Amino acid sequence: MKAPLLILLCLLITACSGTGTTHGPGEGDTLQLEHAQRLTIVRCDGYTQVTLADPWNEGRVLHTYLLVPADGDVPPHLPKGTIVRTPLRRSVIATSVHCGLLQSFGKEKSIGGVCDVQYIHLPFVEQGCKDGSIADCGSALAPAVEKVLDLQPDAIFLSPFQNSGGYGRVEEIGIPIIEMAEYMESSPLGRAEWMRFYGLLFGAEAQADSIFRQVESDYAALRDQAAKATSQCTVLMDKMTGSVWYVPGGNSTIGHVIADAHCGYAWADDTHSGSLSLPFETVLEKAAQADVWLFRFNADHPISPTELLSEHRGYDQFRAFQTGQLYGCNTATSTFYEETPFHPERLLRDFVTIAHPELGLGEPKYFLRLKEQ
């Protein structure tokens, strides 16, 4: 065990006692998480302690939550942390993916408000904002504090960012902020396993565990199937954004999905868990011979090869463009962002379907082959 992890484990055991002494047998029960690396859950007497590791500062803690049942008293001598009374009855949710997750738990009625509603393409949220049952709380970067106060939610769910400077005025109103940091997990299943934390918050632990086990099983089955494929395929991801081409790092969730799809990738040996910002020439040099090109875009219509080429004349130098192996995911019309973070098996299926057609998995769901209009 690495030293920082050993230290963190010791701190967790000490914190559950609330006295500075180590727990005896049975006083703290650590929930076994098999994939998530930045989340620790320990059940203690009268509460559950959830610790989020800081993604940007190794060995430090981003946040500690103390989940206390709402129908009981707050235990005395709690360790330091944010007290959250569970299950949450009404919350403000900042992202479409977490709204979709709550719907899968059957807890969509717990959503009292949302942020960035223009980016949420879930019918029940759109309808709720129209009929007033769900409040539009403005931007996730600066939620409308007055609307949040009117709702009196049990918690506000926001995404942390490095060097963001905090959450502004919303930090001052005394409502717990749940930091949704699962996107910093590099493993696709590690990111998905955070649904077990969210299940605890909303009284949907059984539903979350059941859904995750199915995700885990389906992902493993697809990975094993891809490993038996006879075809060889190399993949190029995404496209230019302005003067920069952002490609997924080799240790990112998409980098892992590419590897699990039994595909070659020019940046497979890269260790970054986020994206790399590269000039066009670097991408062309490293990935010109990729067999398949998959990219995400946002538009009110399907993109064609001709339109793609009009964006950058250099695209026709890629082998995948020349052979017509172009697949685009329109994030404006698909449920890519709503589904794939907590259902990586669906994304893996797309990659395996495209890269290994001989396996007969049918048609992809998100990345569709480009056609001339």
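**Close-up 1. N163 in the loop between β9 and β10.** In this predicted model, N163 lies in the loop that links β9 (155-158) to β10. Its phi is near 55°, which is a positive value in a residue other than glycine. Most residues other than glycine have a negative phi. With a relative accessibility of 74%, N163 counts as exposed, because the cut-off for that word is over 50%.

**Close-up 2. H77 in the loop between β4 and β5.** H77 is placed in the loop between β4 (61-69) and β5, and its phi, near 60°, is a positive value in a residue other than glycine. The relative accessible area of H77 is 66%, so this residue is exposed.

**Close-up 3. The cis peptide bond before P87.** The loop between β5 (82-86) and β6 contains P87, and the peptide bond that leads from T86 to P87 is cis, with an omega near 0°. Most peptide bonds are trans.

**Close-up 4. The open sheet of 5 strands.** Following the sheet from one side to the other, the strands come in the order β8-β7-β6-β9-β10, and their pairing is parallel. At the edges are β8 (135-136) and β10 (177-179), each of which pairs on one side only. Within this sheet, strand β6 (residues 91-93) and strand β7 (residues 111-114) run parallel and are joined by 3 bridges. A residue to look for here is I93, which stands opposite V114 in β7.

**Close-up 5. The open sheet of 3 strands.** This sheet has the order β12-β13-β15, and its pairing is antiparallel. Its edge strands are β12 (240-241) and β15, each pairing on one side only. Strand β13 (residues 244-248) runs antiparallel to β15 and is joined to it by 4 bridges. Two residue pairs can be followed across these strands: W245 has L278 in β15 as its bridge partner, while V247 has L276 in β15 as its bridge partner. The two residues of β15 just named, L276 and L278, form the covered face of that strand (residues 275-278), whereas S275 and S277 form the uncovered one.

**Close-up 6. Helix α8 and its surroundings.** Of the 8 residues of α8, 6 are buried, so the helix is largely enclosed by the rest of the structure. The buried residues are T253, I254, G255, V257, I258 and D260. An α-helix has 3.6 residues a turn, so residues three or four places apart point the same way. After α8 comes H262, whose phi is positive, near 60°.

**Close-up 7. The packing of α8 against α13.** Helix α8 (residues 253-260) packs with helix α13 (residues 344-355) at an angle of about 50°, and the axes of the two helices are 9 Å apart. The two helices are therefore oblique to each other, and their crossing is right-handed. Which residues of α8 and α13 meet? On the side of α8 they are I254, V257, I258 and D260, and on the side of α13 they are L347, L348 and F351. Sorted by type, the residues of this contact divide into 6 nonpolar, no polar and 1 charged. The α8 residues of the contact, I254, V257, I258 and D260, also appear among the buried residues of that helix.

Notes. Residues are numbered from 1 along each chain as its sequence is written. This is a predicted model: local features need pLDDT of at least 70, side-chain atom pairs count only at pLDDT 80 or more; totals for chains, interfaces and linings use all residues. Side-chain values use heavy atoms; hydrogens and water are left out. Axes are lines fitted to C-alpha atoms, for helices over the stretch in contact, and angles run from 0 to 180 degrees between N-to-C directions. Angles under 35 degrees count as roughly parallel, over 145 as roughly antiparallel, 65 to 115 as roughly perpendicular and the rest as oblique. A crossing is left-handed if the near helix is turned anticlockwise from the far one by less than a right angle, and right-handed if clockwise. Contact means heavy atoms within 4.5 Å. Ala, Val, Leu, Ile, Met, Phe, Trp, Tyr, Cys and Pro count as nonpolar, Asp, Glu, Lys and Arg as charged, and the others, Gly among them, as polar. Two strands pair if DSSP finds at least two bridges between them. Buried means under 20% relative accessible area, exposed over 50%, partly exposed in between (1.4 Å probe, protein chains only).
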